[in-house]
Amino acid sequence: MKTMRAVWAIFLKDVRSEVRTRYAVNALLMFVVTTLAVIMFSLAGEVMSPSAQAGILWVVMFFAAMSGLSRSFVSEEERGTTFTLQLCSGPLGVYFGKLLFNVVLVILLNIVIVVLYLLTMDQFVINQPGLFWLVIFLGSLGLAASTTIIAAIIARASSKGTLFPVLSFPILLPLLMAGIDATKLAVEDNVWDAVWPDLQILGAYIVVVVTASYMLFDYVWKD
Amino acid sequence: MPDVIDQLKLSATGLSKQFNRRKIFHELTFTVGKGEVFGITGKNGSGKSTLLRILAGVLTPNSGSVEFRVGGAAIDPEKVIEVLGYAAPYLMLYEEFTALENIRFFSEVRGLPFDTVRARDLLDRVGLPSDRRDVVHNYSSGMKQRLKLVFAILHQPPFLFLDEPTTNLDQDGIEVVYSLIEEQRRHGCVLIATNDATDITRCDRLLDVTTGEVSEAAR
Amino acid sequence: MKSTSSWWKYLLFVWIAVWSAVGIVLPIAGNLADLAYLKQVNAPGEIQIKVDIDHNLPAEFDPEEGMFVFQGTDGGGRKATFYVPSKPEGFDQARSLLVEARYDEDRHGVRVCQVVDVDPGLTLPYIPGLGERARIIFFHVPMAWMTVIAFLVSMWYGIAYLRKHDLEDDMKSANAAGLGLLFCLLATITGSIWAKFNWGSFWNWDPRETSIFVLLLIYGAFFALRSAIEVEEKRARLSAVYTILAFVTVPFFIFIMPRILPGLHPGSADDTSGGPVMSSGGLNAVMRVILYSLLAGFIVLFAWLMNVRNRVSRLLVRTGIEA
């Protein structure tokens, strides 16, 4: 109960801080817009197959996550408030508070990405919208789950940012492969049965990563 | 009356710490009981702050153990932060928030109800204007130090850790610290890490981190 | 000065050298079933097969065919008529022949092009599509295994560090990972060169190739993380956490994904022959013995290298050359 309160307090604190500084949100939005612009320029009217477009969508989502999701922990380390947090909250409150913030941030981010993607790519048609959004939702959860613990590691390693994609990519690869495959299938009008194995991988991945993070976070958080 | 002393006790046994195989301090053993003001002294870099962090359970020692007792019962290491207040120059506040917003977050995260009246009282107590609307970023270092004292006493902890509590403070601020120390003496104990001669006169006993010796302070 | 006996090191080198030589030198010999399979898939070609001569049936030169004709069986009990241009040397005493042969459509028999060996000893089986290239199994598979074993050892010592906070464990963890990286590179390179000749390109993103690639990335990330942290205790803690985190996600690749996704390696979802190389009944006894012997040799080699590296690390720490 006490932990739940701490989780909520840390989540609200991060939201308020983000609203006030707009540090992550501004950088993320600009990143998404520039990335989409580069994709448009490089395509120059070329028509891509829907499955190739689904793959490119994940490229944008992956790099957007890489550019913004480490903020939650790195900003605490930069402001020197890690020690303050260690003194007023247990590790679980911090981990789940940050996880919740990252989940909300990445879901909003991915919704924006998909909407912009739909607006800019004329040929991008989703044949199975329900399935598609489910995959995006699960993918967002997975992205948030694994980047939260990696962000904690790199923040504690006091190396800002550069290591984040290096450490995240191998851990994220199972998620990316299943996510890309499932998105392609949903875009190409496939039924549930075809996407089911990928959904199982995505679900299992989220459970495994959150459980492992939950057990390991203490070692990352305490000096 | 041994039971009274046992009611509230911090005991450290054989604490050693090294960084990159460089020895910071070795085999520190001491206890601090209720009503005591315990001074931790030592040269710069001798590990005063490191010792406080280890006692607070934030840093793991290479060997040794720390035990907190409240009401005769040992405190679970996970819950030590609930009975512990800590103020230090290296403790940072959320500078994008106002003083009240900071207090509000620290109350909520500790699971305490946030009460504006009490928060304003606390700000008054440390001599900060309770009606300031601007963010902590605009505060002077002395004002930040005062706000850190609020962070330390917010949850009325029986154990108060003060690391160089009078740095950055004017005479008025120093008086605030000393009155806090005397008040804490009544319901708990204080650990002060300092080299300041005036701070040391407030202590009952002194620990030299380098030698590990505990001596009665000349008052 | 403590003197250590080193006889077992020589034994280790001899062991690995001998089994490697056996793996390289032993001839590959198919049987009649393999010839029938090649005919079935319309890939007629010459392969080496081993044939037991049936001396009870007539074996003589047939002037009409212009060939020496004899009856033979393969290990599996299939019978066939064999046609050789001339009577092989030592035919009357020989019990079996190793021959290069192909299926002869006109005669419905086996056309022997060349006699390679008389009374061959142990042979390796012919694997359709691999032929001589099957020998990679003896080196590539142990390397891939060692990559995983080194990773597990590294994680084991990482967990030990988290439990006991002893920097010795962290050093062992890093040394195991260093050797793992070496084995990982060897497995990737041997596999990649082989893939060029068998599958046509160096890299195909087959699930198993992806899994070794991920392991390579994880080892790389592990060392990148370590070099970014100054404080030893923190370095030890964070790299141990990362190893464990990688371990819980990577099995998706090594053990689950390759088995549910279609691919080129044995054991893929669209491979009807059954499980992966190591567990399938597809490998014959001789191959198994060589493979396991080499694997055992590499495991001992790994343990010895670990020991040497740990001693070097301890010396560096003691002399203060490296913190």
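This passage describes two interfaces of chain B, with chain A and with chain C, and one residue within chain B, in a predicted model.

Between chain A and chain B, the contact draws 25 residues from chain A and 29 residues from chain B, and the area buried there is about 2500 Å², to which carbon and sulfur atoms contribute 62%. Across this interface 3 salt bridges are found, including one that joins B:Glu82 to A:Lys2, with the closest N and O atoms 3.7 Å apart. The interface of chain A and chain B also holds 9 residue pairs in polar contact. On the side of chain A that touches chain B, helix 1 (2-21), helix 4 (71-79) and helix 5 (82-88) each give two or more residues, and the largest share, 10 residues, comes from helix 1 of chain A. By class, that side of chain A comprises 7 nonpolar, 8 polar and 10 charged residues.

Between chain C and chain B, the contact involves 8 residues from chain C and 6 residues from chain B, with a buried area of about 580 Å², of which 46% is given by carbon and sulfur atoms. In chain C, the residues that lose the most area to chain B are C:Glu232, C:Glu233 and C:Val317, which together account for 56% of what that side buries. The side of chain C that touches chain B has 4 nonpolar, 1 polar and 3 charged residues, and the count of salt bridges between chain C and chain B is 0.

Within chain B, B:Gln184 lies in helix 6 (residues 171-187) and counts as buried because its relative accessibility is 4%, under the 20% cut-off. Apart from neighbours within four places in sequence, B:Gln184 is in contact with B:Pro157, B:Pro158, B:Phe159, B:Leu160, B:Cys189 and B:Val190.

Terms used:
Residues are numbered from 1 along each chain as its sequence is written. Chains are lettered from A and ligands numbered from 1 in the order in which they are written. This is a predicted model: local features need pLDDT of at least 70, side-chain atom pairs count only at pLDDT 80 or more; totals for chains, interfaces and linings use all residues. Side-chain values use heavy atoms; hydrogens and water are left out. Contact means heavy atoms within 4.5 Å. Buried area is the accessible area (1.4 Å probe) that two parts lose on being put together, summed over both. A salt bridge is a side-chain nitrogen of Lys or Arg within 4 Å of a carboxyl oxygen of Asp or Glu. Ala, Val, Leu, Ile, Met, Phe, Trp, Tyr, Cys and Pro count as nonpolar, Asp, Glu, Lys and Arg as charged, and the others, Gly among them, as polar. Helices (H or I, at least four residues) and strands (E, at least two) are DSSP runs, numbered from the N terminus. Buried means under 20% relative accessible area, exposed over 50%, partly exposed in between (1.4 Å probe, protein chains only). A polar contact is a pair of N or O atoms within 3.5 Å; within protein, one must be able to donate a hydrogen and the other to accept it, and residues adjacent in sequence count only if both atoms are side-chain atoms.
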